[in-house]
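Me: I've just opened this one for the first time. Can we go through it together, with reasons for the labels as we go?

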Amino acid sequence: MDDIPALNAAARGDQYAHIEARLLDEYGPRRGAAVRHVMAEERGRFADARIHAFVPILVERSVRTRLGTPARRLHRRP
């Protein structure tokens, strides 16, 4: 049972890696440093949360809100 928090932390790390990769793909290489910086800040904001189950999705939403619409969505044709 002592390994459960470690497994949960590892799973969250995987989730964050997937989220970061998705955001980097959407925002492009020019915004890569900003994506990583804002993501780190948002992860830190939730570091003391009592329940971590929804933290990755909250981090992703917060990052998207702070960075605005990705350039790839702005130039998309209908």
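Me: What makes up the secondary structure of the protein chain?

Reply: There are 4 helices and 0 strands, so from the N terminus on the elements read α-α-α-α, with runs of at least four residues counting as helices. Keep in mind that this is a predicted model.

Me: How do you know which helix to trust, and where is confidence lowest?

Reply: Look at pLDDT, which goes from 0 to 100. The mean for the protein chain is 85, and 81% of its residues reach 70 or more. Helix H2 (residues 32-45) has the highest confidence, at a mean of 96, while helix H4 (residues 71-74) has the lowest, at 61. Where pLDDT is low, the predicted coordinates should not be read in detail.

Me: Why is Glu42 called buried or exposed, whichever it is?

Reply: Its relative accessible area is 3%, and buried means under 20%, so Glu42 is buried. Across the protein chain, buried residues make up 27% of the 78 residues.

Me: What makes Glu42 and Arg66 a salt bridge?

Reply: The closest N and O atoms of the two are 2.7 Å apart, and the cut-off is within 4 Å, so the pair counts as a salt bridge. This pair links distant parts of the chain: Arg66 sits in helix H3 and Glu42 in helix H2, 24 residues apart. Arg66 has a relative accessible area of 43%, which lies between 20% and 50%, so Arg66 is partly exposed.

Me: And why does the pair Glu20 and Arg36 get that name?

Reply: Their N to O distance is 3.8 Å, within the 4 Å limit, so this is a salt bridge too. The pair also links distant parts of the chain, with Glu20 in helix H1 (residues 4-27) and Arg36 in helix H2, 16 residues apart. Glu20 is at 27% relative accessibility, so it counts as partly exposed. Arg36, at 44%, counts as partly exposed as well.

Me: Where do Glu60 and Arg64 lie?

Reply: Both are in helix H3, 4 residues apart, or about one turn of the helix. They form a salt bridge, with the closest N and O atoms 3.0 Å apart. Glu60 has a relative accessible area of 10%, under the 20% cut-off, so Glu60 is buried. These two belong to a network of salt bridges with Arg22 and Glu26. A search of the whole structure finds 7 salt bridges.

Me: Which residues touch the most other members of the largest nonpolar core?

Reply: Leu23, Val35, Met39, Val59, Val63 and Leu67 do, out of 13 residues in that core. H1, H2 and H3 each supply at least two residues, and the largest share, 5 residues, comes from H1.

Me: What does Val63 touch, leaving out residues up to four places away in sequence?

Reply: Leu23, Val38, Met39 and Glu42. For a touch to count as a contact, heavy atoms have to be within 4.5 Å.

Me: What makes Leu58 part of a nonpolar patch on the surface?

Reply: Leu58 is at 36% relative accessibility, and patch residues need over 30%, so Leu58 passes that step. It forms the patch with Phe54 and Ile57, and together they have about 290 Å² of accessible area. Leu58 is found in helix H3 (residues 55-67).

Methods
Residues numbered from 1 in each chain as written. Predicted model: local features only at pLDDT ≥ 70, side-chain atom pairs only at ≥ 80, totals over all residues. Heavy atoms only, no water. Buried < 20%, exposed > 50% of the residue type's maximum accessible area, 1.4 Å probe, protein only. pLDDT = per-residue confidence, 0-100. Patch = residues over 30% accessible without salt bridge, like charges linked within 9 Å, V, L, I, M, F, W, Y side chains within 5 Å. Areas by Shrake-Rupley, 256 points an atom, 1.4 Å probe, with all protein chains shown as cover. Salt bridge = Lys/Arg side-chain N within 4 Å of Asp/Glu carboxyl O. Core = buried A, V, L, I, M, F, W, Y, C linked by side-chain atoms within 4.5 Å.
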